[in-house]
Amino acid sequence: MFRNQYDTDVTTWSPAGRLFQVEYAMEAVKQGSAAIGLRSKTHVVLACVNKANSELSSHQKKIFKVDNHIGVAIAGLTADGRVLSRYMRSECINYNYTYESPLPVGRLVVQLADKAQVCTQRSWKRPYGVGLLVAGLDESGAHLYYNCPSGNYFEYQAFAIGSRSQAAKTYLERRFDNFMGSSREDLIKDALIATRESLQGEKLSSSVCTIAVVGVGEPFHILDQETVQQLINTFEIVREEEPPAEEPQPAPEQDAPTDQASGSGAAAGDQGGSPMEI
Amino acid sequence: MTKQHANWSPYDNNGGSCVAIAGADYCVIAADTRMSTGYNILTRDYSKISQLADKSVMASSGFQADVKALQKVLSARHLIYQHQHNKQMSCPAMAQLLSNTLYYKRFFPYYAFNVLGGLDSEGKGCVFTYDAVGSYERVGYSSQGSGSTLIMPFLDNQLKSPSPLLLPAKDAVTPLSEAEAVDLVKTVFASATERDIYTGDKVEIVILNASGIRREYMDLRKD
């Protein structure tokens, strides 16, 4: 995108009625690594792709616990994301202090959106370069929201943001009708499969993805690596491009390493029916 | 014309006594459950004990509205700590935080007399005792509140601590077993109840050890 003469600061409109700086900020979100969220009636699952800069460094933290009933996954400028998470945590603590009850998710996202909007209308500020998938539970049920740098927010049944998120979104669009009634396990499985879509060819393992869950009777928490790896193995989610070179393994084996070629998805004894046959 | 004195006070004393005893691998924190004002009883069933962190439990007597406010502030601060450090606050850290929080209101104090009990980072019992503005000290046992004048000398007699001025510093924790310490606490409250009108109804005893946290109650005289 391109040099426009109306994109120098955020307080300049273009003749077409656009704020380019805000749109550029949304681009920053698309450059970040993928983050995915889906929800059922009682649970919300967040998943994200963890890309470390090099083998020597650790992964960037992209999922944050905001309170026992709210968590957030970010894509884009993670530093901005960290700062916004801190704000969200602070708001939850203050609300709880005053009202001795958890902050309803819908209120939090509005506050977040208003905060983002301010940065689109001050000449000395810049928009936050991060998209947030806010997952939370309150009296009105389980919710998933997406907050943009523009200050807009939307509620979703399922969504994906960041690079190569379109592949995940395509998968989610096909399956989202079932999500409302899904069990917790099915929801996590769908999240893992959607994450695998975003990886586009790379092997899905617990070292490249992070999963977090919040639900009725289950405070927000990030699943540890072993649990995630076990779930991946159980669901027998393998690299979709692996040719069925060796003997296909029809029976789901808990201990089977994920890179054992079990052919394309259709051959595997996948519990929920294999989704991926493009 | 003599100086006019205020006929309204922002404070009230809701009475009650608190005790804490540190053992080698446990800590006992206890407080009675009577809440009074003047010569009246407001309720016989009010907890003065609050668990601030995994291994820190605070018992506070004095003005319960200030105590409640103090508990809320510490609770919120602990949450912030957990977000920043990804772990629970240790008891000595909480002790310092409590001291700072109290001193923060040096010129309009929390009318709260606190004892903080818990396990330190080595798993040994620790007790910290405070005044209303945050002066604190780590000790082997302590009592605060309306019955403390009756309780403290008895604890001194039973648990005599080595002087904190000795060098090298001697361990203040009691050699008593957990069951013996709980028994001592029950005895101490039964005695204080006899002569202190503000102490009675029930004693709530919280025991913190390596396996976690446990609560016991004992009935006291209701007069």
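## Exercises on the A–B interface and the aromatic pairs

Between chain B and chain A there are two residue pairs in polar contact, both at pLDDT 80 or more. The model is predicted.

**Exercise 1. Describe the side of chain B that touches chain A.**

Step 1. Sort the residues of that side by type. Five are nonpolar, one is polar and one is charged.

Step 2. Count the residues in contact. Seven residues of chain B meet six residues of chain A.

Step 3. Find the residues of chain B that lose the most area to chain A. They are K72(B), L79(B) and H83(B). Together they make up 68% of what that side buries.

**Exercise 2. State how much area the two chains bury, and on which atoms.**

Step 1. The size of an interface is often given as the accessible area lost when the parts come together.

Step 2. Here chain B and chain A bury about 690 Å² between them.

Step 3. Carbon and sulfur atoms carry 62% of that area.

**Exercise 3. Find the salt bridge between chain B and chain A.**

Step 1. The count is one salt bridge.

Step 2. Its partners are the side chains of E100(A) and K72(B).

Step 3. Check the distance. From N to O it is 3.0 Å, and the cut-off is within 4 Å.

**Exercise 4. Classify the ring pair Y146(A) and F159(A), then place it in chain A.**

Step 1. The whole structure holds twelve aromatic pairs over all chains.

Step 2. In the pair of Y146(A) and F159(A), the centres are 5.2 Å apart and the planes make an angle of 50°. Stacked needs under 30 degrees and edge-to-face over 60, so this pair is tilted.

Step 3. Y146(A) lies in strand 6 (residues 141-147) of chain A, and F159(A) in strand 8 (residues 158-161) of chain A. The pair therefore ties together parts that are 13 residues apart in sequence.

Step 4. Judge burial, which means under 20% relative accessible area. Y146(A) has 9%, so it is buried. F159(A) has 12%, so it is buried.

**Exercise 5. Decide whether F128(B) and Y136(B) are buried, partly exposed or exposed.**

Step 1. These two rings form a tilted aromatic pair, 6.0 Å centre to centre with 50° between the planes.

Step 2. F128(B) has a relative accessible area of 4%, so it is buried.

Step 3. Y136(B) has 29%, so it is partly exposed.

**Exercise 6. Name the residues that ring pairs link into a cluster in chain B.**

Step 1. Follow the ring pairs from residue to residue. The cluster holds Y11(B), F63(B), F108(B), Y111(B) and F113(B).

Definitions and conventions:
Residues numbered from 1 in each chain as written. Chains lettered and ligands numbered in written order. Predicted model: local features only at pLDDT ≥ 70, side-chain atom pairs only at ≥ 80, totals over all residues. Heavy atoms only, no water. Contact = heavy atoms within 4.5 Å. Buried area = accessible area lost by both parts, 1.4 Å probe. Polar contact = N/O pair within 3.5 Å; in protein donor to acceptor, adjacent residues only side chain to side chain. Nonpolar A, V, L, I, M, F, W, Y, C, P; charged D, E, K, R; others polar. Phe/Tyr/Trp six-rings, centres within 6.5 Å; stacked < 30°, edge-to-face > 60°. Helix = DSSP H or I, 4+ residues; strand = E, 2+ residues; numbered from the N terminus. Buried < 20%, exposed > 50% of the residue type's maximum accessible area, 1.4 Å probe, protein only.
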